[in-house]
Amino acid sequence: MIGRALVIGGGIAGIQAALDIANSGFEVVLVEQEPSIGGHMAQLSETFPTLDCSQCIMTPRTVEVGHHDNIRLYTYSQVEAVSHDERSGNFRVRIRRQATYVNWDLCTGCGVCQEKCPFKVESLFERGIGTRKVIYTLSPQAVPNKPVIDAENCRYLQSKWDIEAGRVPAVDKKGNPAQPKCGACAKFCPTESIDWEAQDEIIEEEVGAVILATGYDLFPMARLPEYGAGRLPDVIDGLAFERLLAASGPTAGKVLRPSDGKTPLEVVFVQCSGSRDPERGVPYCSKICCLYTAKQAILYKHRVPQGQAYVFYIDVRAGGKGYEEFVNRAQEEDGVVYLRGKVSKIFRQEDKLIVKGADTLSNRTVEIAADLVVLATAIVPRAGNRQVAEMFGLAPDENDFYTADNEELDPLNSRAAGVFLAGAALGPKDIPETVAQASGAAAKVLMLFQAQKNRTPQAELAAVPGD
Ligand SMILES: Cc1cc2nc3c(=O)[nH]c(=O)nc-3n(C[C@H](O)[C@H](O)[C@H](O)COP(=O)(O)OP(=O)(O)OC[C@H]3O[C@@H](n4cnc5c(N)ncnc54)[C@H](O)[C@@H]3O)c2cc1C
Ligand code: SF4
Ligand code: SF4
């Protein structure tokens with residue numbers, strides 16, 4: 001067996017697992033589908049319960065991954081095929097690296113291309129409340145800090161392909177050969193890194209063990225019609241609010257409502273939006289929303305001391321070290337008003353959002369005219385998790401989270417030999433639990449590699465069935 005591991009997913013789980021294995025002297029192939037690593041932690045402002053800056057505590061790790069001699073990092077990439085050799089225990093994996101249209105060997109990451117690109121599109125990283133250029137990096141601290149061109153929205157690539165496919169006339173009005181439009185990035189790039197002929201690359205790797213760390217997503221607001229179905233601009237989800245709070249976000253950390261840029265003075269947070277609701281959402285508890293809602297309400301009060309924050313909750317689940325105290329702090333020190341009950345409806349009335357709900361402690365209905373509503377939408381698995389699991393011959397659970405062979409006593413081992421699991425891809429969890437699991441999965445891989453190393457050739461022969 002080869003002493004090299006594949007880690008799929010470069011969020012904090014994949015980063016931690018990769019570093020633990022690499023720092024023990026084994027090679028790691030880390031595959032991330034986005035242009036840079038960090039996952040959702042890169043979107044967060046500050047982390048509960050310590051209120052550390054998320055980027056600041058993660059950056060030393062992302063930088064270490066970027067420079068580590070034992071880590072081969074493939075970003076903008078996905079594993080598209082896997083074969084397993086049962087005899088050796090090795091996996092052969094085919095990785096597709098999407099064309100970036102930027103030669104990263106030449107690019108210095110100076111950012112001139114992003115400055116000069118005249119076109120902006122909605123940014124998924126900013127959860128739709130901010131924009132990015134067509135040539136972009138996810139954040140200023142991105143690792144790798146090299147841009148990619150979003151081909152679908154790039155004027156040059158689209159007009160080049162239109163000309164090549166004969167969808168537009170091959171000559172212009174003056175009879176000259178038609179030329180692709182824009183090209184500003186290529187014109188201003190000091191290192192001539194823009195590569196219009198780039199193609200997807202296929203890379204083959206052989207590894208002895210695999211860690212699946214593909215993380216989570218949020219339940220789509222479009223599936224919550226009573227909360228505006230994602231169509232009310234000032235009803236946003238928790239990650240969008242993180243971007244409003246983040247210094248690197250679209251408002252540079254100022255809490256401004258998306259519709260008109262005004263400071264919201266009444267903010268309502270709605271916990272369990274889609275969680276614990278088998279009919280309209282998912283049946284399970286998303287586990288981290290109680291804590292991140294308390295964090296967001298505290299941070300809102302720090303940014304807008306004259307504002308009022310309300311939290312609707314079913315019950316508060318704060319089962320971690322210092323967590324109960326943190327929620328109490330939100331109420332006692334920061335004056336956040338907690339209302340036990342469900343929100344039944346949110347709708348717009350002039351420039352306010354009317355939030356109708358029940359307070360089951362006082363047995364009365366409540367109506368708040370809010371400026372901004374933040375839905376703590378359910379944590380759900382990534383759309384691609386099932387596909388990834390199936391490539392390794394695994395079946396995810398009924399909610400599409402990865403599932404362990406023995407959930408009680410061996411929660412990081414999948415049913416497939418040599419395939420381990422870590423992070424929020426197994427189910428909702430906070431960063432400390434994610435990192436602990438990642439180190440656990442890395443330890444499993446190291447045990448496997450060490451056991452292989454310790455085998456004498458004699459023992460190895462004996463272990464090969466049928467030989
Ligand atoms: C609003 C909000 C606030 C939060 N605040 C806190 C907080 O203050 N403190 C705290 O402890 N926790 C917080 N969390 C939880 C925290 O985000 C998670 O614990 C953490 O991000 C989980 O890390 P992960 O690596 O498992 O998953 P992710 O962060 O989701 O990373 C997974 C990575 O895998 C990549 N990937 C997915 N599929 C593939 C594929 N097929 N191929 C290649 N790459 C793939 C993704 O692009 C991503 O980079 C918060 C969560 C939310 C929603
Ligand atoms: S201008 Fe050129 S060198 Fe600078 S970041 Fe863009 S592609 Fe890279
Ligand atoms: S060609 Fe124009 S639109 Fe395309 S990335 Fe470069 S500057 Fe942006």
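This note sets out points on helix packing, one sheet, two ligand shells and local backbone geometry in a predicted model.

1. Helix 1 and helix 2. Helix 1 spans residues 12-22 and helix 2 spans residues 54-67; the two pack with their axes 10 Å apart and at an angle of about 55 degrees. Helix 1 and helix 2 are therefore oblique to each other. Their crossing is left-handed.

2. The contact between helix 1 and helix 2. From helix 1, the residues involved are Ile-12, Ile-15, Ala-18 and Leu-19, which meet Met-58, Arg-61, Thr-62, Glu-64 and Val-65 of helix 2. Classified by residue type, this contact has six nonpolar, one polar and two charged residues.

3. Helix 6 and helix 7. A further helix pair is formed by helix 6 (residues 238-245) and helix 7 (residues 289-303), whose axes lie 11 Å apart and make an angle of about 30 degrees. The crossing of helix 6 and helix 7 is left-handed. On the helix 6 side, Gly-238, Phe-241 and Leu-245 take part, and they meet Tyr-292, Gln-296 and Leu-299 on the helix 7 side. The contact has four nonpolar and two polar residues, with no charged residues.

4. The five-stranded sheet. The model contains an open sheet of five strands in the order 15-22-16-17-18, and the pairing is parallel. Strand 15 (235-237) and strand 18 (337-340) are the edge strands, each pairing on one side only. On average, and with direction ignored, neighbouring strands of this sheet are turned by 25 degrees against each other.

5. Pairing at one edge, and the helix on the sheet. Strand 17, residues 308-313, pairs with strand 18 in the parallel sense over four bridges. Within this pairing, Leu-339 in strand 18 is the bridge partner of Phe-312. Helix 6 packs on the sheet, where it touches strand 15 and strand 22 (372-377), and the direction of helix 6 makes about 90 degrees with that of strand 15.

6. The shell around ligand 2. Four cysteines, Cys-107, Cys-110, Cys-113 and Cys-189, are among the residues around ligand 2. The shell also includes Val-102, Thr-108, Gly-109, Gly-111, Val-112, Pro-147, Thr-191 and Ser-193. By class, seven residues of the ligand 2 shell are nonpolar and five are polar, with no charged residues.

7. The shell around ligand 3. Here too cysteines are listed: Cys-117, Cys-154, Cys-182 and Cys-185 are among the surrounding residues. The others are Phe-119, Val-134, Ile-135, Ile-149, Arg-155, Tyr-156, Gly-183 and Ala-184. Helix 4 (155-164) and helix 5 (184-188) are the elements that give two or more residues to this shell. The shell around ligand 3 has 10 nonpolar residues, one polar and one charged.

8. Cis peptide bonds. Most peptide bonds are trans. In this model, the bond from Phe-48 to Pro-49 is cis, with omega near -10 degrees, and Pro-49 sits in the loop between strand 3 (46-47) and strand 4 (52-53). The bond from Val-143 to Pro-144 is also cis, with omega near -5 degrees. Pro-144 belongs to the loop that lies between strand 10 (135-136) and strand 11 (148-149).

9. A positive phi. Arg-127, a residue other than glycine, has a positive phi, near 55 degrees. Its place is in the loop between strand 8 (120-122) and strand 9 (131-133).

Terms used:
Residues numbered from 1 in each chain as written. Chains lettered and ligands numbered in written order. Predicted model: local features only at pLDDT ≥ 70, side-chain atom pairs only at ≥ 80, totals over all residues. Axes fitted to C-alpha atoms, helices over the stretch in contact; angles between N-to-C directions. Left-handed = near helix turned anticlockwise from the far one by under 90°. Contact = placed C-beta atoms within 7 Å. Nonpolar A, V, L, I, M, F, W, Y, C, P; charged D, E, K, R; others polar. Pairing = 2+ DSSP bridges. Near = placed C-beta within 6 Å. Parallel < 35°, antiparallel > 145°, perpendicular 65-115°, else oblique.
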